[in-house]
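Hello,

Here is the structure we talked about handing over. Please open it alongside this email; my notes follow below it.

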Amino acid sequence: FDQSPNPRGVFTYDGRTVSGGAAPVREHGFAAFLLGLATRGEVATDLFARRQNQWVHAYYFADDWKILPNLSLNLGMRYEYFSPPVQRGPATNFDLNGVIPGYVPGRQTYHGLADIPDTTDRPASLIFPDRNNWGPRFGFAYSVPQVRDFVVRGGYGIYFTPEITNSYGSLTRNPPIVKTFQFTGTFDRPLQVETAFGGPVTAATSFSAGAVDPNLRDTYTQQWNFTLQKKLPLNIIADLAYVGSKGTNLTLSFDGNRPIAIVTPGPGVPALADRRPLRPFANIGVTKSIGNSIYHALQLKMERRVGRGLSFLGAYTWSKSLSSADISTVGGGTYLGAVQNYFDQRSDRSPSVFDTRQRMSFALIYDVPLFAKSSQAAVRTLLGGWQLATIVTEQAGFSAGLTTVGDTTGTGVSSRASVVA
């Protein structure tokens, strides 16, 4: 169906607008909102519709091979192909061949527009497909002959994930399909909310847009584990495991049209729109598969299956997760700030916002034996057969999300808090 992406408009506020020149700066974005003093406004009333087709193929081979009575292997290979969606209608994208190849848009590409020819050196999706998604799988289980009820297990596999389809939706609402007018101010020269959209559209600073890297690669994770399993007295099964996971080609989103030079905002500095590489565009949100992550964990599990009316399951995990991409490019939350500097991507690598160093969970079920064998049927029915059950979970706390501060670099990218009062 046809819809308008942003008919009522949206505003962004910078808390420094009402700081009064205090040192250190104490931001108060809500006060700027109450006064109607914004640093950016956007509005888009044109209609667009997403009508995208996509093919997904998956083929696999797997085999279980029992080499010895106490040694089994699991071998497999999986191939997956996720075609980039093709719009049944107009779509536009950007090539990342600008002043910084691979990051800054240099030209706009087209497909399906009535009055603009299709870009001949690009496929209909405007994104080149990734046909190299081979995922091997390997696992083993070895029963140690010298130790009773002792098993060693391990495994490794590669798993691919397609990019969320919402990321491709931006290609259906770029100019000239949808004109998103952006009005830009600064903290010391804010926009008046009540009059920002009141003038003619020619007063708009520029158009905002979205882009998907034409050479986007599919995200994949490598997962591995090594486990020791032993049966203990009282019918208890204990597992001690090392688990690891590495994410590669995780997608990030950043403003590919931000000014290259870093300046200190203030009087005498040219307007942000005048310093962007590709004009008349404002911010161009680029989706690019350049993120990575790593996870290591020590896991302990104790389990007693039903015996004499008692069963329980306890698990403890001690882990650490590092990443440079904690959120999806669309709808992933606000824990992680935007990419600060794509010249130095390692500076964004840190403990993941969902990193939980320690977690313990315990569940227990106990069959209450009272009255279960009473000679009186009524007593057995009413008072027998009861169970006691409990579940307890404790874990370390999540990271606290800090609201981003204003632009201190003159690039239009919100800076991160350096001091918390």
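**Aromatic rings**

Ring pairs tie Tyr13, Phe30 and Phe33 together as a cluster. Please keep in mind throughout that this is a predicted model.

By the ring-pair rule, the count of aromatic pairs comes to eight. One of them is formed by Tyr103 and Phe254. Their ring centres are 6.0 Å apart, with 45° between the planes, and the pair is tilted. This pair links distant parts of the chain. Tyr103 lies in the loop between S8 and strand S9 (107–111), while Phe254 is in strand S16. The two are 151 residues apart. Are these two residues, Tyr103 and Phe254, buried or exposed? Both Tyr103 and Phe254 are buried.

Phe138 and Phe140 give another pair. Here the centres are 6.4 Å apart and the planes meet at 35°, so this pair is tilted as well. Phe138 is partly exposed, because its relative accessibility is 38%. Phe140 has 22% relative accessibility, so it also counts as partly exposed; the cut-off for buried is under 20%.

Tyr103 has a charged partner too. The charged end of Lys288 sits over the ring of Tyr103, 5.2 Å from the ring centre.

**Nonpolar cores**

The largest nonpolar core holds 18 residues. Tyr103 and Phe254 are among those with the most contacts inside this core. The others named with them are Phe94, Phe281, Ile284, Val286 and Tyr342. Strand S14 (206–212), strand S16 (236–255) and S17 each supply at least two residues of this core. Which strand gives the most to this core? That is S17, with four residues. There is also a second, separate core of five residues. Among its members are Tyr168, Leu171, Val212 and Leu216.

**Strands S17 to S20**

Strand S17 covers residues 281–307, and strand S18 covers residues 310–323. The two run antiparallel and are joined by 13 bridges. Arg304 stands opposite Phe312 in S18. S17 and S18 form a hairpin, with two residues between them. Arg308 is in the turn and has a positive phi of about 55°.

S18 has further partners. With strand S20 (residues 358–367), S18 pairs in the antiparallel sense over nine bridges. Ser311 has Ile365 in S20 as its bridge partner. S18 also runs antiparallel to strand S19 (residues 350–351), with two bridges between them. There, Leu322 is matched with Pro351 of S19 as its bridge partner.

**Strands S3 and S12**

How many of the five residues of strand S12 are buried? Four are, so S12 (residues 180–184) is largely enclosed by the rest of the structure. Its partner is strand S3 (residues 40–44). S3 and S12 run antiparallel, and four bridges join them. The bridge partner of Arg40 is Thr184, in S12.

**Two single residues**

Thr92 is in strand S8 (residues 91–95). Thr92 counts as buried because its relative accessible area is 0%. What is Thr92 in contact with, leaving aside its neighbours within four places in sequence? The list includes Gln108, Thr109, Tyr110 and Leu113. It continues with Leu126, Leu171, Asn174, Pro175, Pro176 and Ile177. Leu171 is also in the second core mentioned above.

Pro123 lies in the loop between S9 and strand S10 (134–143). Pro123 has a relative accessible area of 26%, so it is partly exposed. Pro123 and Asp149 are 26 residues apart in sequence. In space they are 58 Å apart, C-alpha to C-alpha.

**The whole chain**

The chain has four helices and 21 strands. Its radius of gyration is 29 Å, whereas the globule rule gives 22 Å for 421 residues. The value is well over the rule, so the chain is more spread out than a compact globule. Along the principal axes, the C-alpha atoms fill a box of roughly 90 × 55 × 45 Å. Buried residues make up 38% of the 421 residues. Take the contacts between residues at least 6 apart in sequence: 71% of these join residues at least 24 apart.

Best wishes

How values were computed. Residues numbered from 1 in each chain as written. Predicted model: local features only at pLDDT ≥ 70, side-chain atom pairs only at ≥ 80, totals over all residues. Heavy atoms only, no water. Pairing = 2+ DSSP bridges. Buried < 20%, exposed > 50% of the residue type's maximum accessible area, 1.4 Å probe, protein only. Contact = heavy atoms within 4.5 Å. Core = buried A, V, L, I, M, F, W, Y, C linked by side-chain atoms within 4.5 Å. Phe/Tyr/Trp six-rings, centres within 6.5 Å; stacked < 30°, edge-to-face > 60°. Lys NZ or Arg CZ within 6 Å of the ring centre and 35° of its normal. Rg over C-alpha atoms; globule rule 2.2 N^0.38 Å.
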